[in-house]
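Let's take a walk through a protein model together. Keep the picture open beside you as you read.

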Amino acid sequence: MSIPVTLAVSGHPDCPASEIEQRARLLRCPLFDAQPDAQFVLHQSPGRLELYNPREPNTKAIFADFVEGKTRHRRLYGGGKGQDMSKALGLQKFPNATVIDATAGLGSDAFVMATLGCHVTLLERNPVVQLLLSDALARADASGDTDVQAISARMRLVQSASVDYLEALEPEDYPQLIYLDPMFPERDKQAQVKKEMRFFHEVVGEDPDSGELLAIALQRATERIVVKRPLRAPTLNERKPDFDIRGKAIRYDVYLGCRHFAAQRPITS
């Protein structure tokens with residue numbers, strides 16, 4: 001995925017200039033000092049790497065975090081294997097499962113899966129989001145919290161287009177579970193999306209290949225494919241799941257994996 005031309009990078013005063021310049025070369029974008037009218041800025045603060053919109057100073061910055069805040073609360077009080085995600089993944093049947101999170105985003109769901117004992121490969125094709133995730137994993141490793149460190153050790157980040165990665169897998173490397181949470185354009189123009197998530201979506205873009213991703217996932221997961229959807233959203237690619245798990249606002253559509261079918265499974269809806 002190409003980087004928006006309105007992206008720039010910056011760092012706090014004590015951040016080594018070489019580090020910021022290297023990041024600019026990696027992302028093929030300018031320094032914020034050289035392009036002060038940039039729409040988005042990837043900024044190295046003293047505590048973390050974050051993405052913000054300089055045109056909206058009251059909008060919160062976006063960052064990935066596996067130590068504090070909502071992630072910590074969900075780790076400690078999220079309900080363990082009794083929560084809907086765990087039921088959809090079937091973690092009572094598949095403890096310590098191998099999972100590919102093919103739409104990693106900021107990694108919050110992947111961290112929950114790792115908290116529940118899964119070994120998770122996070123696939124992220126957007127290089128900006130990949131840097132945010134990499135920074136969050138590094139901070140988790142350096143946190144001094146042994147529980148968080150053990151969880152992050154079960155997470156592996158790969159920068160790759162998910163379809164390409166899944167297509168290249170050899171049968172002996174097929175995961176038990178594949179998890180999908182594709183991003184779609186807002187259908188409801190009145191939907192109240194937080195400003196920070198709206199600009200994050202602008203940077204990341206849409207998932208036009210989500211239907212193709214489901215098709216290949218059906219051929220690669222041995223046990224289950226789980227698709228996270230808003231409760232009233234249509235099924236992905238209009239394909240009926242084998243069953244679903246429904247919460248108050250979220251629905252998990254569950255498709256049985258390739259091990260459950262002796263013949264090649266049709267991949268059309």
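A residue is called buried when its relative accessible area is under 20%, exposed when that area is over 50%, and partly exposed in between. Keep in mind as we go that this model is predicted. Now try the cut-offs on two cysteines. C118 has a relative accessibility of 0%, so C118 counts as buried. C258 comes out at 24%, so C258 is partly exposed. How many disulfides does the structure hold? The count is 0.

Next, let's look at the sheet. It is an open one with 7 strands and mixed pairing, and you can trace the order as β6-β5-β4-β7-β8-β10-β9. Which strands sit at the edges? They are β6 (155-158) and β9, each of which pairs on one side only. Going from one strand to the next, the twist averages 20°. In general, strands of a sheet pair through backbone hydrogen bonds, either parallel or antiparallel. Here, β8 and β10 (residues 250-256) run antiparallel, joined by 7 bridges. For one bridge to find in the picture, go to V226, whose partner in β10 is V254.

Helices come up against these strands too. Helix α9 (residues 210-220) packs on the sheet and touches β7, β8 and β10, with its direction at about 165° to that of β7. Helix α4 (residues 108-115) lies across β4, β5, β6, β7 and β8, and runs at about 165° to β5.

What about the inside? In soluble globular proteins, nonpolar side chains tend to be buried together. In this model, the largest nonpolar core has 54 residues, and L42 and L51 have the most contacts inside it. Helix α5 (residues 127-141) supplies the largest share of that core, with 8 residues. Apart from it lies another core, of 20 residues, including I100, L213, I216 and Y255.

Now zoom in on D84, which is found in helix α3 (residues 84-89). Buried, exposed or partly exposed: which is D84? Its relative accessible area is 27%, so D84 is partly exposed. Leaving aside neighbours within four places in sequence, D84 is in contact with I245, R246, G247 and Y252. D84 and G247 are 163 residues apart along the chain, yet their C-alpha atoms are separated by 7.1 Å.

Finally, find two asparagines in loops. N96 lies between α3 and β4, and although N96 is not a glycine, its phi is positive, at about 60°. N237 sits in the loop between β8 and β9, and its phi is also positive, near 60°. At 39% relative accessibility, N237 counts as partly exposed.

Terms used. Residues are numbered from 1 along each chain as its sequence is written. This is a predicted model: local features need pLDDT of at least 70, side-chain atom pairs count only at pLDDT 80 or more; totals for chains, interfaces and linings use all residues. Side-chain values use heavy atoms; hydrogens and water are left out. A disulfide is a pair of cysteine sulfur atoms within 2.5 Å. Buried means under 20% relative accessible area, exposed over 50%, partly exposed in between (1.4 Å probe, protein chains only). A nonpolar core is a set of buried Ala, Val, Leu, Ile, Met, Phe, Trp, Tyr and Cys residues joined through side-chain atoms within 4.5 Å. Helices (H or I, at least four residues) and strands (E, at least two) are DSSP runs, numbered from the N terminus. Contact means heavy atoms within 4.5 Å. Two strands pair if DSSP finds at least two bridges between them. Axes are lines fitted to C-alpha atoms, for helices over the stretch in contact, and angles run from 0 to 180 degrees between N-to-C directions.
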